[in-house]
Every structure is written in C-alpha cells, then in structure tokens.
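Student: I have not met this structure before, and I would like to go through it slowly. Could we look at it together?

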Amino acid sequence: PFHVQIPRLEFSQAQTALELSLAELQSGDLDVERMMDLYRRAKGYADRCERLLQSVEQEVMAWDPTKPDHPPHPYEP
C-alpha cells in the first residue's frame with residue numbers, strides 16, 4: 001500500500017495533526033483523491049502517536065506502594 005512520509009513530530013504535534021486530518025475527513029466535501037491523502041496522513045499520525053506511547057511505556061517504571069521494600073521495575077501492560 002501507498003505510505004505517506006510523516007515527519008518526526010512530537011506527540012502533541014502528531015495528535016493535533018491527526019485531529020485536524022480527521023476533522024477535515026468528516027467535512028464530507030472532498031474528492032476521492034483528497035480523502036485518500038487525508039486518510040493516509042491520519043493513519044501516519046496515529047501510527048506516530050502509537051510508537052511514541054509504546055516507547056514511553058517501555059521506559060516507565062512501576063512501583064507497588066503495597067511493597068515499599070521492592071524496587072521499581074519496568075512496566076508491563
């Protein structure tokens with residue numbers, strides 16, 4: 001499938017770009033080519049957000065307050 005190159009945006013930038021793309025998609029007054037372009041961009045922004053969240057998730061340390069003697073450990077969903 002065709003892939004749109006998404007710049008390395010910060011999470012908030014990618015999230016805003018995703019929201020703007022989705023809002024334009026919902027306007028309904030678009031030709032097919034513009035709809036496909038917006039869809040691909042929205043997918044790219046969503047993927048960027050997901051990758052950033054996953055990387056943060058891997059770095060987050062979990063601490064169980066009910067076991068204060070145990071050190072924090074990597075978060076596992």
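What follows is a conversation about a predicted model, taken a few residues at a time.

Student: Let us begin with L18; is it buried or exposed?
Tutor: L18 is found in helix 1, which covers residues 11-26. Its relative accessible area is 18%, and a residue under 20% counts as buried. L18 is therefore buried.

Student: Which residues does L18 touch, if those up to four places away in sequence are not counted?
Tutor: A useful starting point is D47, which is 29 residues apart from L18 along the chain, while the C-alpha atoms of the two are separated by 9.9 Å. When residues up to four places away in sequence are set aside, the contacts of L18 are A42, Y45 and A46.

Student: How far from R48 is the nearest side chain of opposite charge?
Tutor: R48 has its place in helix 2, which covers residues 32-59, and R48 is buried yet has no salt bridge. A salt bridge needs a side-chain nitrogen within 4 Å of a carboxyl oxygen. The nearest side chain of opposite charge belongs to E10, and its distance from R48 is 5.9 Å.

Student: Which backbone oxygen does the side chain of R48 reach?
Tutor: Leaving out residues up to four places away in sequence, R48 touches P7, R8, L9 and A14. One of these contacts, L9, also offers its backbone oxygen, at 2.9 Å from the side chain of R48. The backbone oxygen in question is that of L9.

Student: Which residues form a nonpolar patch on the surface?
Tutor: One member of the patch is Y39, which lies in helix 2 and is partly exposed, with a relative accessible area of 47%. Together the members of this nonpolar surface patch have about 300 Å² of accessible area. The patch is formed by V32, M36 and Y39.

Student: Now the charged residues: which parts does the salt bridge between R34 and E24 tie together?
Tutor: Side chains of opposite charge can pair when their charged atoms come close. The side chains of R34 and E24 meet in a salt bridge, at 3.1 Å from N to O. Because R34 lies in helix 2 and E24 in helix 1, the pair ties together parts that are ten residues apart in sequence. The parts joined are thus helix 2 and helix 1.

Student: How far apart in sequence are R34 and D37?
Tutor: The side chains of R34 and D37 also meet in a salt bridge, with 3.0 Å from N to O. Both residues lie in helix 2, and about one turn of the helix separates R34 from D37, which amounts to three residues.

Student: How close are the closest N and O atoms of R41 and D37?
Tutor: R41 and D37 both lie in helix 2, four residues apart, which is about one turn of the helix. R41 counts as partly exposed at 29% relative accessibility, and D37 counts as partly exposed at 23%. The two residues form a salt bridge, in which the closest N and O atoms are apart by 3.3 Å.

Student: Which residues are linked in a network of salt bridges?
Tutor: The structure holds four salt bridges. R34 meets both E24 and D37, while D37 also forms a salt bridge with R41. The residues linked in the network are E24, R34, D37 and R41.

Methods: Residues are numbered from 1 along each chain as its sequence is written. This is a predicted model: local features need pLDDT of at least 70, side-chain atom pairs count only at pLDDT 80 or more; totals for chains, interfaces and linings use all residues. Side-chain values use heavy atoms; hydrogens and water are left out. Helices (H or I, at least four residues) and strands (E, at least two) are DSSP runs, numbered from the N terminus. Buried means under 20% relative accessible area, exposed over 50%, partly exposed in between (1.4 Å probe, protein chains only). Contact means heavy atoms within 4.5 Å. Lys and Arg count as positive and Asp and Glu as negative; His and the chain ends are not counted. A polar contact is a pair of N or O atoms within 3.5 Å; within protein, one must be able to donate a hydrogen and the other to accept it, and residues adjacent in sequence count only if both atoms are side-chain atoms. Patches are made of residues with over 30% relative accessible area and no salt bridge: like charges are joined within 9 Å, nonpolar side chains (Val, Leu, Ile, Met, Phe, Trp, Tyr) within 5 Å. Accessible areas come from the Shrake-Rupley method with a 1.4 Å probe; for residues, only the protein chains shown count as cover.
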